[in-house]
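Me: Please take a close look at the side-chain contacts here, going from rings to charges to sulfurs. I'd like one connected walk-through, with each partner placed in the fold.

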Amino acid sequence: MGAEPAGRTGLGIRRAGAALAATIGLLGVLIAPASAGLQHPYGDRRGVNYDWNWRSGRATWFGGSDGWSIHNGSCSYQYIQKDEPLGWDVAALTDVHPEYQDSCGLCYELACDATWTSDSYGQWLDRTQSCFDTGASVVVRIVDVCPCTYPSNAYNNKRWCCGDRDHFDVSVWAFEKLAETRWGAIPIKYRPVPCDYRPYKPAPPVANPTPEVTDGRTGWATPDKTRHTRDWPEYMHDTQTHTNTIFEDNYGEGIHDASWNTQLQPLSDSTRSGALGSPAVCAKVFKGGALAFKGWNGMFQDKKALEFWTYVGYPGWEGKDQKTPDLWVSVSGKKGGCRPTRIISIKPIYMEPTWKPYATNYFWGWQVYLPVFNGWPVESVINNPYDFTGCGGNSVWDLHTVEFRNDGWSDQWVCLDRVRLV
């Protein structure tokens with residue numbers, strides 16, 4: 001086994017934030033200036049329990065002057081203030097990690113582990129002398145994704161982000177609390193924690209932390225330092241999220257198809273058409289038609305947002321080849337429909353392959369806060385369900401249907417997965 005040479009800095013991992021941001025620019029649509037992603041400090045939606053058991057993993061670092069910014073992550077948080085909860089202690093989670101789904105804003109405790117680690121190519125790295133203090137730890141917030149498949153940076157992304165080990169790409173400011181950045185990659189112990197959790201022994205900041213670079217050397221424009229509303233757990237009205245599943249593997253309980261002018265593919269033909277090979281609901285939506293899901297009165301009660309994933313095919317270089325279906329999403333009730341929102345006017349916040357780890361075809365995930373259907377700006381972020389009082393003349397109780405409408409000029413093919421109210 002041979003150790004990696006010392007003196008390494010950032011390891012050149014390409015994260016998805018750049019691709020998704022570039023895609024929005026190519027589409028010529030709106031970039032949401034506020035946070036996105038749902039936070040669940042009790043792990044209820046992801047099936048993750050806080051058992052407080054440590055797991056083994058690995059960490060690299062990004063930020064500072066390495067050409068990447070913590071403020072351009074796929075979770076769309078934009079500029080993160082130092083005085084916000086956890087500040088610049090942030091990380092990107094790989095898209096093949098079992099807890100990646102809905103990971104934006106969730107938190108993990110990391111501690112350096114003085115042992116050997118390896119990359120996905122089988123190179124072993126001696127890190128037995130890398131840790132400042134194996135008993136100290138730092139809590140990081142997930143703000144980005146490290147995709148396994150990234151054609152423009154295939155070697156490094158495959159090296160770290162394809163699931164040979166649980167991997168976190170950590171901000172330089174969090175990493176340097178655990179080890180010197182010259183190590184590049186370190187083995188870690190980690191576990192999911194509530195975002196307001198304080199470690200028994202917090203890893204202290206270094207005497208001279210890495211300075212922020214905002215003069216263009218990172219490849220990003222000077223950031224807009226506007227403060228944004230957050231839907232992080234620390235700000236949520238209700239820290240436990242109760243989900244109404246509309247479609248995930250199959251129609252949710254109490255949900256049935258209410259589509260019109262649509263050719264629906266039998267579920268038996270789309271059992272592996274969803275994200276990570278899961279079932280999806282696929283249809284050709286003709287002009288004036290809609291792929292619609294009808295439930296019951298009250299299903300929107302105490303909900304903040306609608307989440308859905310849609311197949312975009314092969315995103316290609318910086319996402320320019322993606323095929324987002326040109327549909328409008330809306331909700332309706334007994335008094336009629338609400339204001340529709342065009343999907344391509346919303347910035348996607350998640351990406352996941354159709355198969356892992358090396359698929360090149362992707363699903364992208366979107367989130368729309370419910371007041372948007374009542375006329376609020378598409379970039380609005382809501383952390384209190386009582387901000388939504390209904391729409392289209394309907395009270396919240398009156399609403400019962402989610403619609404993916406074709407209000408355009410050509411027929412659209414769509415595959416949807418993980419449609420739910422949260």
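Reply: Start with the ring cluster: Phe247, Tyr251, Phe293, Phe308, Trp364, Trp366 and Phe404 are linked together by ring pairs. Keep in mind that this is a predicted model. Across the structure, the count of aromatic pairs comes to 16.

One of those pairs is Tyr121 with Tyr155, and it is a stacked one, with 4.7 Å between the centres and 15° between the planes. Tyr121 sits in the loop between β4 (116–118) and β5, while Tyr155 belongs to helix α2 (residues 154–160), so this contact ties together parts that are 34 residues apart in sequence. As for solvent, Tyr121 is partly exposed at a relative accessible area of 38%, and Tyr155 is exposed at 51%. The angle is what earns the label here: planes under 30 degrees apart count as stacked, and this pair has 15°.

Rings also take part in contacts with charges. Arg191 lies over the face of Trp54, 4.1 Å from the ring centre. Arg418 does the like with Trp309, lying over its face at 4.5 Å from the ring centre.

Now the charge-to-charge contacts. There are 13 salt bridges in the structure. Take Glu99 and Arg55, whose side chains meet with 2.5 Å from N to O. Arg55 is in strand β1 (residues 55–62) and Glu99 is in the loop between β2 (90–94) and β3 (107–112), so the bridge ties together parts that are 44 residues apart in sequence. Is each partner buried or exposed, or somewhere in between? Glu99 is buried, with a relative accessible area of 8%; Arg55 counts as partly exposed at 23%.

Asp398 and Lys334 make another salt bridge, at 3.7 Å from N to O. The partners come from distant parts of the chain, 64 residues apart: Lys334 is in the loop between β14 (328–333) and β15 (336–337), and Asp398 is in the loop between β18 (362–369) and β19 (399–405). Their accessibilities fall into separate classes, with Asp398 buried at 8% and Lys334 exposed at 63%.

Then there's Lys225 with Glu212, a salt bridge whose closest N and O atoms are 4.0 Å apart. Here both residues are in the loop between β8 (185–193) and β9 (244–247), 13 residues apart. Lys225 is partly exposed, with a relative accessible area of 45%, and Glu212 is partly exposed too, at 26%. That distance is worth a second look if you care about cut-offs: a salt bridge needs N and O within 4 Å, and this pair comes out at 4.0 Å.

Not every salt bridge is a simple twosome. Glu248, Glu307 and Arg420 are linked in a network of salt bridges.

That leaves the sulfurs, with a count of 7 disulfides. In Cys112–Cys131 the sulfur atoms are 2.1 Å apart, and the torsion about the S-S bond is about -75°, so this disulfide is left-handed. Cys112 lies in strand β3 and Cys131 in the loop between β5 (124–126) and β6 (138–146), so the bond ties together parts that are 19 residues apart in sequence. Both of these cysteines are buried.

Cys282 and Cys415 form a disulfide with 2.0 Å between the sulfur atoms, and with a torsion of about 110° it is right-handed. It links strand β12 (residues 281–294), where Cys282 sits, to strand β20 (residues 412–421), home of Cys415, and the two residues are 133 apart. Cys282 counts as buried at 0% relative accessibility, and Cys415 is buried at 8%.

Finally, a disulfide joins Cys338 to Cys391, S to S 2.0 Å. Its torsion is about 80°, so it is right-handed. Cys338 is in the loop between β15 and β16 (341–342), Cys391 is in the loop between β18 and β19, and they are 53 residues apart. Cys338 and Cys391 are both buried. The loop between β18 and β19 turns up twice in this tour: it holds Cys391 as well as Asp398 from the salt bridge with Lys334.

Terms used. Residues are numbered from 1 along each chain as its sequence is written. This is a predicted model: local features need pLDDT of at least 70, side-chain atom pairs count only at pLDDT 80 or more; totals for chains, interfaces and linings use all residues. Side-chain values use heavy atoms; hydrogens and water are left out. Helices (H or I, at least four residues) and strands (E, at least two) are DSSP runs, numbered from the N terminus. Buried means under 20% relative accessible area, exposed over 50%, partly exposed in between (1.4 Å probe, protein chains only). A disulfide is a pair of cysteine sulfur atoms within 2.5 Å. Rings of Phe, Tyr and Trp (its six-membered ring) pair if their centres lie within 6.5 Å; planes under 30 degrees apart count as stacked, over 60 as edge-to-face and the rest as tilted. A charge sits over a ring if NZ of Lys or CZ of Arg is within 6 Å of the ring centre and within 35 degrees of the ring normal.
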